[in-house]
Amino acid sequence: MATEIRPISEGDIEAAHFLLAYSFTGDRSEQGRIKHVESLGTALALYDDGQMAACLRIFPLQTFIHGASIPLGGVSGVACLPEHRRKGYVGRLLRHALALMREQGQPLSSLFTPHPSLYRRYGWMTASNAVSYRFKPKDISLTNSAPPAGHSYRITDEEWPTIADVYKRFAAPRNGYLDRDECWWKEAIFRRIYDSKRKLGDVAVWANGQDEPSGYLVYHSTSEQPPGAPSIDKMYVEELIALDTNSYSGLLRYLLAHDLAANITLFGTVDEPLSLIVEEPDRIKREILDGFMLRLVDLEKAFAARPAAAAAPEGAFTIHISDPSAPWNQGVWRIESSGGQLAATKADGTADLSTDAAAFAAMYNGFLRPTEAARSGLAESSDRQAAALADRILATDYPPYPSDFF
Ligand SMILES: CC(C)(COP(=O)(O)OP(=O)(O)OC[C@H]1O[C@@H](n2cnc3c(N)ncnc32)[C@H](O)[C@@H]1OP(=O)(O)O)[C@@H](O)C(=O)NCCC(=O)NCCS
C-alpha cells in the first residue's frame, strides 16, 4: 500500500476531526471540533492509499530555561485509526515531525502522554514533575495569621496583561515554564485547552500595598450533585504565582476562604513551600505526577540557547549520544560551560559518558543528574569525575516544572 506524510489541508479537516474525536473519545459531530486548537499549530497526517490513517499536531511554543526563551515544538493530538495501529505509522510521523521541527528552528520538543514508553523509543523522556497538594480548606490554617498588606480581585481573559508581567518575572528564571502569548493566555490558561465548551475559568489577582499586581491564582470549580445528598464542591488550582511573601499568604488566605469546598487540589512544584507554612501539614495529601516529556530536536542549537545555572562551574565533558530517530544528533559531543553559557560541539574519540537521546533530554534540563543516570543504567560512565562535573554543568536553578498542559 502507498503511504505518504503531508500537512493536513482545509479539505481534510473533517477527516482529522473524526480521527482525533474517535481516538480520544470526543464528540465526533461538527460541534465537537476544537477549532481554537486547530488554529494553534500545524497538523500532519499519514495517508494510507489516500486515506488519512494517523495524525499529530505541532504547537510553535517557547520555553524558559534560566531566563532564555527557547523555541519548542509542542507535540499533541497524536492518533492513529484502530485498523492501522501497530503498523509503525505514528513512529514514522514522529520521525517526520523531528525533521520538520529542526527545519523550523525548534531545538526542543515536549509533549504530555499516558504512553511514555512509546515516545521514549523516539527520544522523548519524562523531564519534569508536578505535585498535587489536596486539602480541605477548613482543615488548614496558616502559621502566620496576620493579614498581609494588599487585596485580591478577579479578572477575565480580556485582562490577561494584568498578570502576564507577574508570570514572566516569576517564570523566566525558572525551568520548563512556557513563554506565553495572548492567544495561549486566552485559550490555554483562562480556559482549559481541550474543553470544547470553552468555559472561562477563574483568575484571582493579588495586588500589593502599592496596588500593583504581585501574584495570582488560576483555578476552576466543579460541583457534583449526588441524589438526595448535599452537593460536593471541589476546586482545582492550576497555577499559584506569587512574587513575594504578602502575595503568597494573601492568595492562600483567599483560597482558604472557599470554605464550602470539600477539597482543594493545588498543582505545584516539588519544592512548593505550602506544607511548611501551615499548622497542619499532615492534612495535605501530596501526590507526585509526571510532567512533560522533553526531546532535544537539535542538540547543538539546544545547548547554544541554554544558559548555565548560576552556580555552574566552567569546564567540559564529552558524551556519546545514540539517536537513530534524529541522526544529526548522533555521535560524540563536547559539552562546555563557559561565561554562563553552554555549548555543544562535535568531538572525536571515546567519550566520558555514553547515553541515548531520551536520557540525555532529561539531563539537559536538570531533571536527571548524569551520575544518577550512570548509577541506574540510563548512561555509562568511564570517568566518575567527568560525570560529577556533568552534574554541576547541567544543573538548573529550579526543578523543571510542567506549567502548561497541552
Ligand atoms: C498510541 C497510538 C497513537 C499508537 O499509534 P500506532 O500507529 O499504533 O503506533 P506505532 O505502530 O507507530 O508504534 C510505534 C512503537 O510504539 C509502540 N507503541 C504503540 N502504542 C503504544 C502504547 N500505547 N504504549 C506503548 N508503546 C506503544 C509500538 O509497539 C511501536 O514500538 P516497536 O517499533 O518497538 O514495536 C494509537 O494506539 C492511538 O491512536 N491510541 C489512541 C490515542 C492515543 O492514546 N494517543 C496518544 C496520546 S499521547
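Q: Hi! Which residue offers a polar backbone atom to a nitrogen atom of the ligand?
A: That's V78, with a polar backbone atom 2.8 Å from the ligand nitrogen. A polar contact here is a pair of N or O atoms within 3.5 Å; within protein, one must be able to donate a hydrogen and the other to accept it, and residues adjacent in sequence count only if both atoms are side-chain atoms. Bear in mind that this is a predicted model, where local features need pLDDT of at least 70 and side-chain atom pairs count only at pLDDT 80 or more, while totals for chains, interfaces and linings use all residues. Residues are numbered from 1 along each chain as its sequence is written, and side-chain values use heavy atoms, with hydrogens and water left out.

Q: And what about the ligand's oxygen atoms, which residues do they meet?
A: An oxygen atom of the ligand is 2.7 Å from a polar backbone atom of R86, and one is 2.8 Å from a polar backbone atom of G88.

Q: How much of the ligand does the protein bury?
A: The protein buries 75% of the 890 Å² that the ligand exposes when taken alone (Shrake-Rupley method, 1.4 Å probe).

Q: Nice. Which elements supply the shell?
A: At least two residues each come from β4 (68–80), α3 (89–103) and α4 (116–120). Helices are DSSP runs of H or I with at least four residues, strands are E runs of at least two, and both are numbered from the N terminus.

Q: Switching topic: which domains does the chain have?
A: The assignment, which is automatic or from a database, gives domain 1 (3–106), domain 2 (131–290) and domain 3 (294–394).

Q: How do domain 1 and domain 3 meet?
A: Eleven residues of domain 1 are in contact with 13 of domain 3, counting heavy atoms within 4.5 Å. The two domains bury about 1,100 Å² between them, 74% of it on carbon and sulfur atoms; that is accessible area (1.4 Å probe) lost on being put together, summed over both. On the domain 1 side, H66, L98 and R102 lose the most, together 51% of what that side buries.

Q: Last one: where is N144?
A: N144 sits in the loop between β7 (129–135) and β8 (151–155). The N144 side chain reaches the backbone nitrogen of A146 at 3.1 Å.
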